[in-house]
Amino acid sequence: MSIATRKASKSSSALLPSPCPLWQLNLSDGSTAAGDGLLSGPWRLLLLGDGSPTRHLESLTGKPVEIELIAMAPEPAGPGAGAPPPPEVVELDGPLLRRQVWLRCGDKTLAWAESWWNQSQADAYLQQRELPIWRSLTAKRAELFREVDGLALVAAPWLEQRFGLAGPFWSRHYRFFRGGKELTVIREVFSPALEHWLGPAKLCHDLQTQ
């Protein structure tokens, strides 16, 4: 049993079903124009920029981000409950591990995230499960490249319960590259509570009713 899987088995529960998309946009052509037309400027920076969401949350709230591990377990074989993984996950070498976390600042849960890893890469980079991923990956000032691949509006009852707010919720997924090779695929969902700092996301009414 690998280090990451062995540690996860001691303290984490089952993986949550990935939230279902009500609308989604593929950004694989490198263009963000369609997303730009749906979002206010601050929300574009958060969702479509290549900066660290952990740093953004800490800057907005003035509080450190705390990671609450939900689960870290081998990727289930075959179709499972919830939405399928992002298509870019097929670019990762197996066997795969999935990690899910809540991101909190103080008493507010502001985001949920899941990430897919090659098992050996997880062993190498996720030694400290309580650390945000970007801190683990940028240890010793190693270079990384982030590419945003998709934008979505998602819904799930368990997200509404934890955020304490009704959906839908803005989501994105992206890849981290190191040395030109895919390292991990990450999907994030953000709480509408961020409008306290960012202002309204300016969600188009048509998207809410589709």
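## A seven-stranded sheet and its cores

Nine bridges join strand β5, which covers residues 145-155, to strand β6, and these two strands run antiparallel. Within this pair, Val148 stands opposite Tyr174 of β6. The model described here is a predicted one, and the paragraphs below begin with its overall make-up before returning to the strands, the helices that pack on them and the cores.

**Overall make-up**

The chain has nine helices and seven strands, and of its 210 residues 46% count as buried. Its accessible surface comes to about 10200 Å², of which 53% belongs to carbon and sulfur atoms. When contacts between residues at least 6 apart in sequence are considered, 73% of them join residues that are at least 24 apart.

**The sheet**

In what order do the seven strands lie in the open sheet? The order is β1-β5-β6-β7-β4-β3-β2, and the pairing is antiparallel. The edge strands are β1, residues 20-26, and β2, residues 65-74, each of which pairs on one side only. From one strand to the next, the twist averages 25 degrees.

Strand β6, made up of residues 169-178, is mostly covered, since nine of its 10 residues are buried. On one side β6 is joined to β5, and it also pairs with strand β7, residues 181-190, in the antiparallel sense over eight bridges. The hairpin of β6 and β7 has two residues between the strands, and in this hairpin Gly179 takes a positive phi near 65 degrees. Strand β7 is in turn paired with β4, residues 108-118, again in the antiparallel sense, over seven bridges. Because eight of the 10 residues of β7 are buried, this strand is largely enclosed by the rest of the structure.

The table lists residues that stand opposite residues of β7, and it shows Arg187 facing a partner in two entries.

| Residue | Opposite residue in β7 |
|---|---|
| Arg172 | Glu188 |
| His173 | Arg187 |
| Glu114 | Arg187 |
| Trp117 | Thr184 |

In a regular strand, side chains alternate between the two faces of the sheet.

**Helices on the sheet**

Helix α3, residues 41-48, lies across β5, β6 and β7, and runs at about 40 degrees to β6. Helix α4, residues 53-61, also packs on the sheet, where it touches β2, β3 (96-105), β4, β5, β6 and β7, while its direction makes about 10 degrees with that of β3.

**The nonpolar cores**

Which residues touch the most other members of the largest nonpolar core? Of the 36 residues in this core, they are Leu39, Trp43, Leu151 and Trp170. The elements β1, α3, β2, β3, β4, β5, β6 and β7 each supply at least two residues of this core. Trp43 touches, apart from residues up to four places away in sequence, Leu48, Trp170, Phe190, Ser191, Leu194, Glu195, Leu198, Gly199, Pro200 and Ala201. A second, separate core of 12 residues includes Ala152, Trp158, Phe163 and Val189. In soluble globular proteins, nonpolar side chains tend to be buried together.

**Ala111 and its surroundings**

Ala111 has its place in strand β4. Is this residue buried or exposed? With a relative accessible area of 3%, Ala111 counts as buried, because that value lies under the 20% cut-off. Its C-alpha atom is separated by 4.4 Å from that of Phe190, although the two residues are 79 residues apart along the chain. Once its neighbours within four places in sequence are left aside, Ala111 is in contact with Leu57, Val101, Trp102, Leu103, Phe163, Val189 and Phe190. Among these contacts, Phe163 and Val189 are also named as members of the second core, and Phe190 is touched by Trp43 as well.

**Cysteines**

How many disulfides does the structure hold? The structure holds zero disulfides. Cys20 is partly exposed, because its relative accessible area of 41% lies between the limits of 20% and 50%. Cys105, by contrast, is at 3% relative accessibility and therefore counts as buried.

Technical notes:
Residues are numbered from 1 along each chain as its sequence is written. This is a predicted model: local features need pLDDT of at least 70, side-chain atom pairs count only at pLDDT 80 or more; totals for chains, interfaces and linings use all residues. Side-chain values use heavy atoms; hydrogens and water are left out. Buried means under 20% relative accessible area, exposed over 50%, partly exposed in between (1.4 Å probe, protein chains only). Helices (H or I, at least four residues) and strands (E, at least two) are DSSP runs, numbered from the N terminus. Two strands pair if DSSP finds at least two bridges between them. Contact means heavy atoms within 4.5 Å. Accessible areas come from the Shrake-Rupley method with a 1.4 Å probe; for residues, only the protein chains shown count as cover. Axes are lines fitted to C-alpha atoms, for helices over the stretch in contact, and angles run from 0 to 180 degrees between N-to-C directions. A nonpolar core is a set of buried Ala, Val, Leu, Ile, Met, Phe, Trp, Tyr and Cys residues joined through side-chain atoms within 4.5 Å. A disulfide is a pair of cysteine sulfur atoms within 2.5 Å.
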